[in-house]
Structures are given as structure tokens and as C-alpha cells.
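Here are my notes on the model you sent over. Have the structure open while you read, and follow along point by point.

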Amino acid sequence: FEVQDPSSAQSLAKSFNTDQARFGFQATDITVGDSGQYVAYESQQQSNSQTVTAYRLHYVVGNQVVRVEAFDADTTRARSEFQKLLDLQTKLTPPSSS
């Protein structure tokens, strides 16, 4: 998500986290950024008549907010795949320093 400036990106990332909490996402121990400033959230959701575990994290790169998301019917696999994806994405586009 591209916005006008880094301050707006920080504000948008914070708003995403607020919305996630409203929709039942819970903070996890998965973090990225300086001192773990960006936190991943987890939720159980219904998809095609099955329950899936979703992991989602938003972080800021300059004037952009990057969303990393993974989900699977197997909770352990969802977390593992999310962590792999997050590691790859943050190597490609590291979070801005706070």
C-alpha cells in the first residue's frame, strides 16, 4: 500500500493492526523491525466450509506498507509457511528503521 509519506505509512500500518484486533486477530510472538516494532497477528477463519489459521503482519518501508499473509487448515503449517514468507519478504524489502 503506497501512501504520501513515511509518517502516513506508519499511521496506516497502525490502523491495520487496530482493525485486525477488531476482527478477532490476536497478537503473536512473531515480530520484525527494530526491537520487534511490527507484530504478526493470528486468527481462525472460515474458508470453503473449513477452519483455517491466518497469519498477517504489516510493516513500513519508506512510504509503503507491506502486508505479509499466509493461511492453512493446519495451524502448525500456517505458522511455518508464514515465517518462511516473512523471512524472504523482509530480506527483499527490509522494514524502515523507527
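**Notes on the predicted model**

1. Let's start with Tyr59. Leaving aside neighbours within four places in sequence, Tyr59 is in contact with Val32, Tyr38, Gln64, Val65, Val66, Val68, Gln89, Thr90, Thr93, Pro94 and Pro95. This tyrosine is found in strand S3, and it counts as buried because its relative accessible area is 0%, where the cut-off is under 20%. Its side chain also has polar partners: a polar atom there lies 2.6 Å from the backbone oxygen of Thr93 and 3.4 Å from the backbone oxygen of Gln89.

2. Before going further, a word on confidence. This is a predicted model, and the chain averages a pLDDT of 94, with 99% of the residues scoring at least 70. Confidence is lowest in S2, at a mean of 92, and highest in H2, at 97.

3. Tyr59 belongs to a bigger picture. The largest nonpolar core has 18 residues, and those with the most contacts inside it are Leu57, Tyr59, Phe82 and Leu86. Helix H1 (6–22), S1, S2, S3, S4 and H2 each give two or more residues to this core. As general background, nonpolar side chains in soluble globular proteins tend to be buried together.

4. Phe82 is worth clicking on next. Not counting neighbours within four places in sequence, Phe82 is in contact with Ile30, Ala40, Tyr55, Arg56, Leu57, Val68, Glu69 and Ala70. Phe82 is also one of the buried residues of H2, together with Ala78, Leu86 and Thr90. Seen down the axis of H2, these buried residues fall within an arc of 80°, so they line one face of the helix. The general rule behind that pattern is that an α-helix has 3.6 residues a turn, so residues three or four places apart point the same way.

5. What sits over that face of H2, and what is on the other side? The cover over the buried residues includes strand S1 (26–32), strand S2 (38–47), strand S3 (50–61) and strand S4 (64–72). On the other side of H2, Thr76, Leu88, Lys91 and Leu92 are exposed. At the N-terminal end, Asp74 caps H2, with a side-chain oxygen 3.1 Å from the backbone nitrogen of Thr76.

6. The length of H2 checks out too. H2 runs over residues 75–92, and at 1.5 Å a residue its 18 residues should span 26 Å; the end C-alpha atoms are 26 Å apart, which agrees.

7. Thr90 is the polar member of the H2 set that I'd look at. Thr90 is buried, with a relative accessible area of 16%. Its side chain reaches the backbone oxygen of Leu86 at 2.9 Å. Leaving out residues up to four places away in sequence, Thr90 touches Val32, Tyr59 and Pro95, so the link back to point 1 follows from what counts as contact, heavy atoms within 4.5 Å.

8. Now the other helix. The buried residues of H1 are Ala9, Ala13, Phe16, Asn17 and Gln20. They cover an arc of only 95° around the axis, which puts them on the same side of H1. That buried set packs against S2, S3 and S4, while the face turned away from it carries the exposed residues Ser7, Lys14 and Arg22.

9. The ends of H1 deserve a glance. Asp5 caps the N-terminal end of H1, with a side-chain oxygen 3.2 Å from the backbone nitrogen of Ser7. Just after H1, Gly24 takes a positive phi of about 95°. Gly24 is also among the residues that Ser43 touches, along with Phe25, Val52, Thr53 and Ala54, not counting residues up to four places away in sequence. Ser43 is found in strand S2 and counts as buried at 5% relative accessibility.

10. Last, two loop serines. Which backbone angle makes Ser35 stand out? Ser35 has a positive phi of about 55° although it is not a glycine. Ser35 is found in the loop between S1 and S2 and counts as exposed at 83% relative accessibility. Ser49 has a positive phi as well, near 65°; this serine is found in the loop between S2 and S3 and counts as exposed at 77% relative accessibility. For context, most residues other than glycine have a negative phi.

Technical notes:
Residues numbered from 1 in each chain as written. Heavy atoms only, no water. Helix = DSSP H or I, 4+ residues; strand = E, 2+ residues; numbered from the N terminus. Expected span 1.5 Å × (residues − 1). Buried < 20%, exposed > 50% of the residue type's maximum accessible area, 1.4 Å probe, protein only. Arc of directions from axis to C-beta. Polar contact = N/O pair within 3.5 Å; in protein donor to acceptor, adjacent residues only side chain to side chain. Core = buried A, V, L, I, M, F, W, Y, C linked by side-chain atoms within 4.5 Å. pLDDT = per-residue confidence, 0-100.
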